[in-house]
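Reader: Could you take me through the nonpolar interior of this one? I'd like a close look at how the core is put together, with a bit of context on the overall fold to start.

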Amino acid sequence: MQKASTDNQAAAKDIKLLVLDIDGTIAGHSNTISEPVKQAILAAQARGIQVAIATGRMYRSALCFHQDIGSTLPLMAYQGAWIQDPNTQKIHRHWVVSREIAHQLLDYFEKPELRSLLSVHFYINDRLYVRELTKETKIYAERSGVIPIPVGDLRQALTNEPTKILALSDDIDVIDKLLGNLRCQYTPAELYLTTSVATFFEATNASVNKGTAVRYLAEELLGLELANVMAIGDNFNDLEMLEYVGLGVAMGNAPTGVQAIAKWVAPSVEQDGAAVAIEKFLL
């Protein structure tokens with residue numbers, strides 16, 4: 001665990017917004033927020049610090065966590081592609097993937113050498129469409145608390161543009177290769193590609209990432225500066241967010257590449273690392 005520098009300690013006094021990832025950060029194997037983490041979040045809010053969630057999850061899947069911590073801010077879902085205020089139902093942002101690119105990705109996923117290795121998910125209007133109910137999809141749906149809609153040919157679902165496209169595989173090497181190959185085919189100006197866990201390949205609109213989402217929330221909606229924001233995350237889809245904020249904290253269970261760009265590394269999610277970070281810097 002890294003030692004906090006005096007700069008970090010000084011910066012902590014300026015924090016007015018805390019942004020939290022869900023999976024691997026405030027929710028571990030139990031898929032719930034532990035009592036120590038919840039109490040630390042409530043204590044931060046009692047000190048006047050606003051708390052928001054930024055997640056790769058669907059809006060409907062993340063909503064219970066948003067409510068559990070009593071957040072009054074808009075919820076940043078789908079890596080920030082969908083930002084909605086649950087209190088007013090106002091959708092601040094909904095950036096989608098074009099149908100053309102969605103068709104191209106589907107063609108790629110359905111190549112003979114890949115088709116049997118991947119479970120493909122299309123997220124359209126906050127609903128989950130799948131080709132079929134695979135084992136991986138069932139596990140995902142149970143954890144997410146959503147009901148997948150099997151449609152056979154996913155092209156049938158593309159009457160509307162998807163918010164996010166996800167490909168799952170138990171084989172981490174398959175996902176790594178997929179990410180590498182598609183990053184060669186699409187520039188960052190065409191598509192945002194990331195992994196939220198090692199077995200999830202995710203694609204969204206090129207303008208989407210948690211960094212741009214948090215910037216919008218902090219600067220445009222709340223009138224804050226990056227020095228006023230602390231964020232905690234655990235995976236590669238948190239990189240932009242951790243780099244943007246004044247105080248970026250990585251979890252102990254984060255890959256080394258994510259830990260390397262953080263200002264501080266907390267204990268793992270199963271050790272209530274988010275609570276340790278909140279207590280260290282904000283309480």
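Author: Sure, and keep in mind that this is a predicted model. Let's start with the overall build: for 283 residues, a compact globule would have a radius of gyration near 19 Å, and the protein chain comes out at 18 Å, so the two agree. Along its principal axes, the C-alpha trace spans about 55 × 40 × 35 Å. The chain is built from eleven helices and 14 strands. If you take contacts between residues at least 6 apart in sequence, 59% of them join residues at least 24 apart.

Now for the inside. Of the 283 residues, 55% count as buried. The largest nonpolar core has 49 residues, and the ones touching the most other members are Leu18, Met230, Ile232, Val249 and Leu282. The element giving the most to this core is helix α11 (residues 273-282), with six residues.

Val249 is a good place to zoom in. Leaving aside residues up to four places away in sequence, Val249 touches Met230, Ala231, Ile232, Gly233 and Leu242, along with Ala262, Trp264, Ala266, Ala277 and Phe281. Met230 and Ile232 also appear with Val249 among the residues that touch the most other core members.

That's not the whole interior, though: a second, separate core holds 28 residues, including Tyr108, Phe109, Leu191 and Ala203.

As for the outside, the accessible surface comes to about 12000 Å², and carbon and sulfur atoms hold 50% of that. The chain carries 25 positive and 33 negative charges, and their mean positions are 2 Å apart.

Conventions
Residues numbered from 1 in each chain as written. Predicted model: local features only at pLDDT ≥ 70, side-chain atom pairs only at ≥ 80, totals over all residues. Heavy atoms only, no water. Helix = DSSP H or I, 4+ residues; strand = E, 2+ residues; numbered from the N terminus. Rg over C-alpha atoms; globule rule 2.2 N^0.38 Å. Buried < 20%, exposed > 50% of the residue type's maximum accessible area, 1.4 Å probe, protein only. Contact = heavy atoms within 4.5 Å. Areas by Shrake-Rupley, 256 points an atom, 1.4 Å probe, with all protein chains shown as cover. Lys, Arg positive; Asp, Glu negative; His and termini not counted. Charge placed at Lys NZ, Arg CZ, Asp CG, Glu CD. Core = buried A, V, L, I, M, F, W, Y, C linked by side-chain atoms within 4.5 Å.
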